[in-house]
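Here are a few exercises to work through with the model open beside you. Try each task before reading its solution.

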Amino acid sequence: MSLRSRVGGLVPTLLSAVRNVSRAKLRSALAAAAIFVGVVSIAVVGAGGEAFKQSQLETVESQGATNVFVTPGEDAETDYFTREDLIEIQEAVGGTGVVATTSRDGEWQRRAGETERVSITYTGSARMLRRVETVDRGELPLNWRQEAVVSAGFAEEHGIEPGDRMRVRRDGTLRTYPVAAVLTDQPGFGGGDVYLPVRALEDRRYTQVRVLTGSAGAAEATAERLRERFNDRRERLLVFELTSLLRLFTQIVNGINTFLLGIVAVSMVVAGVSIANTMLMAVIRRREEIGVLRAVGYQRGDVVRILLAEAGVLGGLGAAVGLAVALPVVMAVNAAFLGSPFAFSETALGYLFGAFAFGVGVSLVAGAYPAWRAANERPVEALRG
């Protein structure tokens, strides 16, 4: 076996690199520590930030990101929707569901005769209400005519249960409604204290329409169709969907992550300078040794390979320890924001592996100049010291 094939082998080169690194333990440890800090910072900031972003996006989506909310626009002829308007909106959105509601203030009369202002939401049918709300106790009536449905907060505050009767004053008229169901407390839009059928109103006018879709993407497309259909020349409809907030929130979080990662990248540059200094010192201290290697037949490429392997060992050691420390931290962040320590997204895993690769890459780049300098020194001058 030739000298070149012996030197060019992966295992001999790595063994030589490990031996040479171990000669200066303190200097090597400090250089690896700089890489360690950078890798931990990138992994925690990147993967942790991704977990936070994902948890917040899920929260926003749970608040109705698959819905489109429509109210009369500035140029609308009236500040409410009629049944004809609902039919036109339904034709524009196609097969998705449309839930129309109107919210008004009213008064609830307690048993002792005291009155309290309440927010009343009127809707067309229990079937529509069932599509946007969840029942906690009781049951929504199939033919909704005279029953009331109350929110969980209102029921808890006043001790109301299904089967109770409540008196509500609206437009000067006091009426009694049996309570059919109590809804589950959940985030959303357009909810009130009390829900009544729209037929309880003398005028069936709606102030808000909720268009139900199956996904955030479908909601965005539906909103665009409504704007094109009704707001071509004037703003007949005010269309709002949470996907616009999702995009804005994503941009903000990504911007913050990019800024923080930029700061971390500065620490990686410092780590690269530390490794370059370590390698230069090693080249100076081993000048005669390198001259001997060149004299016995080592080529420039062999010397470069050995020194780059040393830089790679320093970077790999620091990056491996950094990843081992960062991983449990990111798992704790996942558990806090996503409910499971193993809820790694593809982006989060990319940050983890990217941090390791970046740490090793910075080390190799930092070791390139010392390796080139050592390889291009004449063997005779190196032997002279």
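**Exercise 1.** Find the element that holds Glu 50, decide whether Glu 50 is buried or exposed, and list what Glu 50 touches beyond its sequence neighbours.

*Solution.* Bear in mind that this is a predicted model. Start with the location: Glu 50 belongs to helix H3. Next, take the relative accessible area, which is 10% for Glu 50. Buried means under 20%, so Glu 50 is buried. Finally, leave out residues up to four places away in sequence; Glu 50 then touches Asn 257, Ser 345, Thr 347, Ala 348 and Tyr 351.

**Exercise 2.** How many aromatic pairs does the structure hold? Work out the geometry of the pair formed by Phe 52 and Phe 337.

*Solution.* The count is 2 aromatic pairs. For Phe 52 and Phe 337, the distance is 5.4 Å centre to centre, with 75° between the planes. Centres within 6.5 Å make a pair, and planes over 60 degrees apart count as edge-to-face, so this pair is edge-to-face. Now place the two rings: Phe 52 is in helix H3 (residues 25–62) and Phe 337 in helix H10 (residues 300–338), so the pair links parts that are 285 residues apart in sequence. As for exposure, Phe 52 is partly exposed at 33% relative accessible area, and Phe 337 is partly exposed at 37%.

**Exercise 3.** Repeat the analysis for Trp 108 and Phe 154.

*Solution.* The ring centres of Trp 108 and Phe 154 are 5.3 Å apart and the planes lie at 70°, so this pair is edge-to-face. Trp 108 sits in strand S2 (residues 97–109) and Phe 154 in helix H6 (residues 152–158), so the pair ties together parts 46 residues apart in sequence. Both Trp 108 and Phe 154 are buried.

**Exercise 4.** Which ring does the charged end of Arg 229 sit over?

*Solution.* Follow the Arg 229 side chain to its charged end, which sits over the ring of Phe 230, 5.6 Å from the ring centre.

**Exercise 5.** Which residues form the nonpolar patch on the surface, and which helix gives the most to it?

*Solution.* First collect the members: Phe 240, Leu 245, Leu 248, Ile 252, Ile 256, Phe 259, Leu 260 and Ile 263. Together they have about 720 Å² of accessible area. Then look at the elements: helix H8 (residues 243–285) gives the most, with 7 residues. Leu 245 makes a handy check, since this residue lies in helix H8 and is partly exposed at 39% relative accessibility.

Technical notes
Residues numbered from 1 in each chain as written. Predicted model: local features only at pLDDT ≥ 70, side-chain atom pairs only at ≥ 80, totals over all residues. Heavy atoms only, no water. Phe/Tyr/Trp six-rings, centres within 6.5 Å; stacked < 30°, edge-to-face > 60°. Helix = DSSP H or I, 4+ residues; strand = E, 2+ residues; numbered from the N terminus. Buried < 20%, exposed > 50% of the residue type's maximum accessible area, 1.4 Å probe, protein only. Lys NZ or Arg CZ within 6 Å of the ring centre and 35° of its normal. Patch = residues over 30% accessible without salt bridge, like charges linked within 9 Å, V, L, I, M, F, W, Y side chains within 5 Å. Areas by Shrake-Rupley, 256 points an atom, 1.4 Å probe, with all protein chains shown as cover. Salt bridge = Lys/Arg side-chain N within 4 Å of Asp/Glu carboxyl O. Contact = heavy atoms within 4.5 Å.
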